[in-house]
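Could you walk me through this model in the viewer, one selection at a time? I'd like to know what to pick next and what is there.

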Amino acid sequence: MATTITSTIKLPSGFEIPRLGFGVSIPSNIISPIVALIQVSIKVYKTYETPPPQPPPHTGTPMERCCLEALKAGYRHIDSAAIYKNEAGCGNAIRGSQIPREQIFFTSKVINISYDGAKAQIDESLALSKLNYIDLMLLHQPRGGSENRKGAWLALVEAVEAGKIRSIGVSNYGVHHLNELEAYISKLETERGGKGRGGIISINQVELHPWLGRKDIAEWCTARGVFLEAYCPIVRGARFDEPSVKKLADKYGKTPAQVLIRWSLDKGFIPLPKSVTPDRIVANADVFDFNLTGEEVRALETEEYSPVAWDPTVTRLDE
Ligand SMILES: NC(=O)c1ccc[n+]([C@@H]2O[C@H](COP(=O)([O-])OP(=O)(O)OC[C@H]3O[C@@H](n4cnc5c(N)ncnc54)[C@H](OP(=O)(O)O)[C@@H]3O)[C@@H](O)[C@H]2O)c1
């Protein structure tokens, strides 16, 4: 059966995730509190930022409106995070869409990497979004040191057991972080009563596109059935003029953005394109009427290491 915007795949947790997600981030450099402070204080919003929630009147925050546009366009998967400060708007949009809750997949991410930090943030995400469960909660990045990473994972495991979260995973984990987590899961299984009691890694969300193939991480995840979510799938527009992309765009009568999203889908990734522009939100989802051949998928790939966002996958284990 042909894949459509509502097609799903089954995660290792047993829950289904829609193949295409809608990203709602502010740019990752804003994660630096200093940059955030400067940007907020001078109230400069670059065109690629998803506007943060606005004060009343309650005609819907900009974020809420973007999510509603996306849900109207057929997306059923929203990728948020505590640090994006828009979980409340996402929750409003999910409710306001009138689409049954179980048909929408909502992701958030924990930025406070410690047991107590993650535990508190999970409850805060639930309170802000006013959702009675979160479909997928990720550890946003590995920084914090070994004990804190393990503690944060245990908080996710307990939240699954408490019914607050359905699936769990990580983001920006390199192979060394994944190996550490795998060993910790085995230890938890021994201590807590067997298979599954250490938690199941369903997702690793990393920057992925033809100029950042991350072969080592992809191989680790694929070998274990962990799905890869691709952030910056359209490289923030930086590669639209590449001849290899333009050639395929011409061949299929598609835009460069659509070719890159299709590449991600054809690689088996779950792409999370972000836009605050209504016609781009619609266009980025119009990728289910063509496929790249295996040869075309390979032809787009490069050996480059060219991230356009931060890259915490290279963080040392003791950082
Ligand atoms: N886990 C992490 O650490 C992490 C880090 C970064 C991102 N993410 C996730 O991944 C999502 C996507 O990443 P991203 O926003 O950094 O990169 P992206 O999706 O590759 O690019 C978004 C940028 O491209 C523009 N754009 C969107 N559609 C377009 C089109 N059809 N034609 C031309 N330009 C277009 C957007 O502008 P407009 O919005 O102005 O239309 C925006 O500036 C985020 O929203 C977030 O959910 C996660």
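Here is a tour of some helix contacts, a cavity and a pocket in this predicted model.

**Stop one: α3 and α4**

Start by selecting residues 87-96, which form helix α3, and residues 115-129, which form helix α4. Their axes come within 7 Å of each other and cross at roughly 45°. At that angle the two count as neither parallel nor perpendicular, so α3 and α4 are oblique to each other. Turn the view until one helix lies over the other, and you are looking at a right-handed crossing. Now show side chains: on α3 the contact uses Glu87, Ala88, Gly91 and Arg95, and on α4 it uses Ser125, Leu128 and Ser129. Colour them by class and you get two nonpolar, three polar and two charged residues.

**Stop two: the cavity**

Next, look for enclosed space. How many cavities of 30 Å³ or more are there? The count comes to one, and the largest cavity has a volume of about 40 Å³. To find the largest cavity, select its lining: Leu139, Arg149, Lys150, Trp153, Tyr173, His177, Glu180 and Leu181. Two elements give two or more residues each to this lining, namely α5 (146-161) and α6 (175-192). The lining of the largest cavity is a mix, with four nonpolar residues, one polar and three charged.

**Stop three: α6 and α7**

Keep α6 on screen and add α7, residues 215-224. The axes of α6 and α7 come within 9 Å and cross at roughly 30°. That is under the 35 degrees used as the limit, so α6 is roughly parallel to α7. Which residues make the contact? From α6, pick Val175, Leu178, Asn179 and Glu182; from α7, pick Asp216, Ile217, Trp220, Cys221 and Arg224. By class, this contact of α6 with α7 holds five nonpolar residues, one polar and three charged.

**Stop four: the second largest pocket**

Stay with α7, since this helix gives the most to the lining of the second largest pocket, with four residues. The volume of this pocket is about 320 Å³. Its lining has 21 residues, and to land at the centre you can select the closest ones: Leu212, Gly213, Arg214, Lys215 and Thr302. Colour the lining of the second largest pocket by class and you will find seven nonpolar, six polar and eight charged residues.

**Stop five: α8 and α9**

For the last stop, select helix α8 (residues 243-252) and helix α9 (residues 256-266). Their axes come within 8 Å and cross at roughly 100°. An angle from 65 to 115 degrees counts as roughly perpendicular, so that is how α8 and α9 lie to each other. Show the side chains and you will see Val245, Leu248 and Ala249 of α8 meeting Pro256, Val259 and Leu260 of α9. What classes are in this contact of α8 with α9? It has six nonpolar residues, no polar ones and no charged ones.

Definitions and conventions. Residues are numbered from 1 along each chain as its sequence is written. This is a predicted model: local features need pLDDT of at least 70, side-chain atom pairs count only at pLDDT 80 or more; totals for chains, interfaces and linings use all residues. Side-chain values use heavy atoms; hydrogens and water are left out. Axes are lines fitted to C-alpha atoms, for helices over the stretch in contact, and angles run from 0 to 180 degrees between N-to-C directions. Angles under 35 degrees count as roughly parallel, over 145 as roughly antiparallel, 65 to 115 as roughly perpendicular and the rest as oblique. A crossing is left-handed if the near helix is turned anticlockwise from the far one by less than a right angle, and right-handed if clockwise. Contact means heavy atoms within 4.5 Å. Ala, Val, Leu, Ile, Met, Phe, Trp, Tyr, Cys and Pro count as nonpolar, Asp, Glu, Lys and Arg as charged, and the others, Gly among them, as polar. On a 1 Å grid over the protein atoms alone, a cavity is a set of points where a 1.4 Å probe fits but cannot get out, and a pocket is an open set with protein on both sides within 12 Å along at least five of seven lines; lining residues have an atom within 4 Å of a point. Grid points are joined across faces, edges and corners, and a volume is the space filled by probe spheres set on the points.
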